[in-house]
Amino acid sequence: MNKTGLYLGVLFLCSAAGFLLAHEGHHPEEVLKGKQKLRMDKAIKEIGVDYQKNIEPIFKVSCFDCHSSTTRYPWYHVVPGVRGLLDDDVSEAREHIEMSDGFPFKGHHTPVQQLTGVAYDIDKGKMPPLKYRVMHWKSGLTEKQKQDVEDWTERSLDKLKEIK
Ligand code: HEC
């Protein structure tokens, strides 16, 4: 082999090694991303099952009138003016969080934002809105129900935080 041949040979081997290394280096990262996504999907599914079992029954009574497609309108919905007010409330509520199909809810928030938002609103007693609680006195959450909702949001957020 002459010098040029040797030179080209070395060059070829180097670029081949470089090529392999580059791909070696790339590969695990993509596998990790795929795995991370799988773990995330799995966690969200588990949170949904947990929600359906422990939280949805509470939300059906206290939240679905506004945050789902199964609104049970009260009798005064037939009163002009009141109807407009309620319809606005319901469409706004559903735009933010739509609970008809379980967790994750539909809307413009991520699951983490939904969990944080629910935890905040329940803790502060913001939901269901006061004017609605006044009309539907059974819609307010008991202390035990509030605790259940807060526990659910906490263990769900913990689960999602663990995913690396
Ligand atoms: C009488 C109708 C009504 C009921 C019942 C109701 N909500 Fe709401 N909800 C609204 C409206 C309207 C909004 C949007 C405006 C606002 O934030 O006040 C909203 C917003 C929210 C938000 C914030 C979304 C955002 O984008 O910031 C959360 C979280 C929420 N509701 C959770 C609940 C939960 C949980 C319940 C039941 C415990 C509930 N709501 C019951 C009307 C309702």
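# Briefing: an all-helical chain and its ligand shell

Setting aside sequence neighbours within four places, Ile-55 makes contacts with Asp-148, Val-149 and Trp-152. The model is predicted, and its protein chain contains seven helices and zero strands. Two of these contact partners, Val-149 and Trp-152, are among the buried residues of helix H7. The points below cover the chain, its core, helix H7 and the surroundings of the ligand.

**Overall architecture**

- Read from the N terminus, the elements of the protein chain follow the order α-α-α-α-α-α-α.
- The protein chain has 164 residues, of which 16% count as buried.
- Among contacts in the protein chain with a separation of 6 or more, 69% join residues that are 24 or more positions apart.

**Nonpolar core**

- The largest nonpolar core has 18 residues, and those touching the most other members are Tyr-51, Ile-55, Cys-63, Met-99, Ile-122 and Val-149.
- Two or more residues of this core are supplied by each of helix H1 (3-54), H5 and helix H7 (143-162).
- H5 provides the largest share of this core, with three residues.
- Ile-55 and Val-149, both named among the core residues that touch the most other members, are also in contact with each other.

**Helix H7**

- The 20 residues of H7 should span 28 Å at 1.5 Å a residue, and this agrees with the 29 Å between its end C-alpha atoms.
- Val-149, Trp-152, Thr-153 and Ser-156 are the buried residues listed for H7.
- These buried residues lie on the same side of H7, because they cover an arc of only 90° around the axis.
- The other side of H7 carries the exposed residues Glu-143, Lys-144, Gln-147, Glu-154, Arg-155, Asp-158, Lys-161 and Glu-162.

**Surroundings of the ligand**

- There are 19 residues around the ligand, and Cys-63, Cys-66, Ala-93, Met-127 and Tyr-132 come nearest.
- Helix H2 (56-62), helix H3 (64-67), helix H4 (82-96) and helix H5 (111-123) each give two or more residues to the shell around the ligand.
- H4 contributes four residues, the largest share of this shell.
- Classified by type, the shell around the ligand comprises eleven nonpolar, four polar and four charged residues.
- Cys-63 appears in two settings: Cys-63 is one of the residues that come nearest to the ligand, and Cys-63 is also one of the core residues that touch the most other members.
- H5 likewise serves both groups, giving two or more residues to the ligand shell and three residues to the largest nonpolar core.

Definitions and conventions
Residues are numbered from 1 along each chain as its sequence is written. This is a predicted model: local features need pLDDT of at least 70, side-chain atom pairs count only at pLDDT 80 or more; totals for chains, interfaces and linings use all residues. A residue is near a molecule or strand if its C-beta atom, placed from the backbone, lies within 6 Å of it. Ala, Val, Leu, Ile, Met, Phe, Trp, Tyr, Cys and Pro count as nonpolar, Asp, Glu, Lys and Arg as charged, and the others, Gly among them, as polar. A residue is buried if 20 or more other C-beta atoms lie within 10 Å of its own, exposed if 12 or fewer, and partly exposed in between; C-beta atoms are placed from the backbone. Two residues are in contact if their C-beta atoms, placed from the backbone, lie within 7 Å. A nonpolar core is a set of buried Ala, Val, Leu, Ile, Met, Phe, Trp, Tyr and Cys residues joined through C-beta atoms within 7 Å. The expected span of a helix is 1.5 Å times one less than its number of residues. The arc is that of the directions from the helix axis to the C-beta atoms.
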